[in-house]
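Visitor: Please show me the model. I would like to walk through it strand by strand.

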Amino acid sequence: MAKKNGKRQGAGSTPAIVALEKAGAAFTVHAYEHDPATPSYGEEAAQALGVEPGRVFKTLVAEVDGALTVAVVPVSGSLDLKALATAVGGKRATMADPAAAERTTGYVRGGISPLGQRKRLPTALDASARAHATICVSAGRRGLEVELAPEDLAGLTGAVVAAIARP
């Protein structure tokens, strides 16, 4: 079930897909069977799609100096909270409360997309994304990924691109 440049085939719509369509961005939607027992949503997506984990990015919500902030990092690594704080001009970052992240973004954990969020949050994209022509991020639902150019993702989210991930 893929969608390329505006032609979806049975994947269903999410606010992330609607935002991409509205922006006229080039993207592809990839659907896969999600296993609720999986310990890592991102690694599950990489394996299901046959994509190297360094090209699949997870969306994490952190709190930087009291403000919710989105971090988009490869599933093969982890978020460097200090680097995130620095990238967005803050001093201290902690992981956000999952309920606050879900309430603010409008998505459930494991399906939070950096696109089409209920409230637009400051966003940082790990610089490793630039090493790839396209990356995959959540399309707003578990079992649904969207593939697009990292520059398009940064532009559509207003993301700062910085080294915010640890291997």
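Visitor: Which residue in E8 is the bridge partner of Ile135?

Guide: This is a predicted model, where local features need pLDDT of at least 70, side-chain atom pairs count only at pLDDT 80 or more, and totals for chains, interfaces and linings use all residues. Residues are numbered from 1 along each chain as its sequence is written, and side-chain values use heavy atoms, with hydrogens and water left out. Helices (H or I, at least four residues) and strands (E, at least two) are DSSP runs, numbered from the N terminus. In E8, Ile135 has as its bridge partner Leu148.

Visitor: How many bridges pair E7 with strand E8?

Guide: Two strands pair if DSSP finds at least two bridges between them. Val137 is bridged to Val146 in E8. E7 and E8 (residues 144-148) run antiparallel, and their bridges number five.

Visitor: Which residue takes a positive phi in the hairpin of E7 and E8?

Guide: Two residues lie between the strands of this hairpin. The positive phi is near 90°, and the residue is Gly143.

Visitor: Is strand E7 largely enclosed or largely open?

Guide: Buried means under 20% relative accessible area, exposed over 50%, partly exposed in between (1.4 Å probe, protein chains only). E7 covers residues 135-141, and six of its seven residues are buried. The strand is therefore largely enclosed by the rest of the structure.

Visitor: What is the order of the open sheet of three strands?

Guide: The pairing is antiparallel, in the order E1-E8-E7. Strand E1 (28-31) and E7 are the edges, as each pairs on one side only. From one strand to the next the twist averages 35°. To repeat the order: E1-E8-E7.

Visitor: Which residue forms a salt bridge with Arg55?

Guide: A salt bridge is a side-chain nitrogen of Lys or Arg within 4 Å of a carboxyl oxygen of Asp or Glu. The count by this rule is one. Here the closest N and O atoms are 2.9 Å apart, and the partner of Arg55 is Glu147.

Visitor: Why does this pair tie together parts that are apart in sequence?

Guide: Arg55 sits in the loop between helix H2 (41-49) and strand E2 (57-64), whereas Glu147 is in strand E8. Glu147 counts as buried, at 18% relative accessibility. The pair links distant positions because the parts it ties together are separated in sequence by 92 residues.

Visitor: What is the order of the open sheet of five strands?

Guide: Its pairing is mixed. The edges are strand E5 (93-95) and strand E9 (160-162), each pairing on one side only. E2 and E3 run antiparallel, joined by eight bridges, and Thr59 has Val72 as its bridge partner in E3. The order is E5-E2-E3-E6-E9.

Visitor: Is Thr69 buried or exposed?

Guide: Thr69 belongs to strand E3 (residues 67-74). Contact means heavy atoms within 4.5 Å. Beyond its neighbours within four places in sequence, Thr69 is in contact with residues including Leu60, Ala62 and Pro122. Its relative accessible area is 2%, so Thr69 is buried.

Visitor: How far apart in space are Ala62 and Leu81?

Guide: Ala62 lies in strand E2 and counts as buried, at 0% relative accessibility. Leaving aside neighbours within four places in sequence, its contacts include Leu81, Leu84 and Thr94. Ala62 and Leu81 are 19 residues apart in sequence, and their C-alpha to C-alpha distance is 8.1 Å.

Key:
Axes are lines fitted to C-alpha atoms, for helices over the stretch in contact, and angles run from 0 to 180 degrees between N-to-C directions.
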